[in-house]
Amino acid sequence: MADGSAGFYFDELNKVRVLEPEINTQTQELKEECKEFVDKIAEFQKIVGGFIEMVDGLAKEVEKEKMKAIGSRNLLKSIAKQREAQQQQLRALIAEKKTQLERFRLQHEALQKVESEQNEFIEQFILQK
């Protein structure tokens, strides 16, 4: 029921209203739509927040795995360098032992020659008697 005099209106419960019933209905519908929109935005923000949390967790996990991979790569490089240094030390040791072997071989030949000379001298000495 709309009276319309002096901007006052009566609704279906005969309450006095300042707005026209149609405008009041539209306002209520808009209010409800806005509430639904705000609820949907809040739900969207909640979903986005969860997604961001999940992505942050994954990023941290990826960063941790990346650091492990870098550490493993550095360890492998270190092991390779250690192995190369160890090989060089072993090569030097082999060269030193070869030199020592050659020296011992020459010394052995010299001692065999001396022994041979001494045996020959002893035989000659025994034969002279």
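Reader: How far apart, N to O, are the side chains of Arg105 and Glu109 in their salt bridge?
Author: Happy to start there, keeping in mind that this is a predicted model. Arg105 and Glu109 both sit in helix α1, 4 residues apart, which is about one turn of the helix. Their side chains meet in a salt bridge, and the N to O distance is 2.4 Å.

Reader: Which residues are linked with Arg105 in a network of salt bridges?
Author: Let's look for a second partner of Arg105. The side chain of Glu102 also meets Arg105 in a salt bridge, at 2.4 Å from N to O. Glu102 and Arg105 are 3 residues apart in helix α1, so about one helical turn separates them. Add the bridge from Arg105 to Glu109, and the residues linked with Arg105 in the network are Glu102 and Glu109.

Reader: Is Glu109 buried, partly exposed or exposed?
Author: Buried would need a relative accessible area under 20%, and exposed would need over 50%. Glu109 has 39% relative accessibility, so it falls in between. Its network partners Glu102, at 34%, and Arg105, at 37%, fall in that class too. Glu109 therefore counts as partly exposed.

Reader: Which residue forms a salt bridge with Asp39?
Author: Both partners lie in helix α1, which covers residues 21-128, and they are 4 residues apart, about one turn of the helix. Asp39 is partly exposed at 40% relative accessibility, while its partner is exposed at 55%. The closest N and O atoms are 3.3 Å apart, and the partner is Lys35.

Reader: Why is the chain described as more spread out than a compact globule?
Author: Begin with the elements: the chain has 1 helix and 2 strands, running β-β-α from the N terminus on. For 129 residues the globule rule gives 14 Å, and the chain is well over that, so it is more spread out than a compact globule; its radius of gyration is 52 Å.

Reader: What percentage of the residues in the chain is buried?
Author: Picture the outline before the count. The C-alpha atoms fill a box of roughly 170 × 20 × 10 Å along the principal axes. The chain exposes about 12,200 Å², with carbon and sulfur atoms supplying 60% of that area. Of the 129 residues, the buried share is 2%.

Reader: Where does UniProt place the feature "coiled-coil region"?
Author: That name comes from an unreviewed UniProt entry. In the model, the span is 100% helix and 0% strand, and its end C-alpha atoms lie 56 Å apart. UniProt places the feature at residues 76-114.

Terms used:
Residues are numbered from 1 along each chain as its sequence is written. This is a predicted model: local features need pLDDT of at least 70, side-chain atom pairs count only at pLDDT 80 or more; totals for chains, interfaces and linings use all residues. Side-chain values use heavy atoms; hydrogens and water are left out. The radius of gyration is taken over C-alpha atoms; the globule rule is 2.2 Å times the number of residues to the power 0.38. Buried means under 20% relative accessible area, exposed over 50%, partly exposed in between (1.4 Å probe, protein chains only). Accessible areas come from the Shrake-Rupley method with a 1.4 Å probe; for residues, only the protein chains shown count as cover. UniProt positions are given in the numbering used here, feature names are shortened, and annotations may be inferred rather than shown by experiment. A salt bridge is a side-chain nitrogen of Lys or Arg within 4 Å of a carboxyl oxygen of Asp or Glu.
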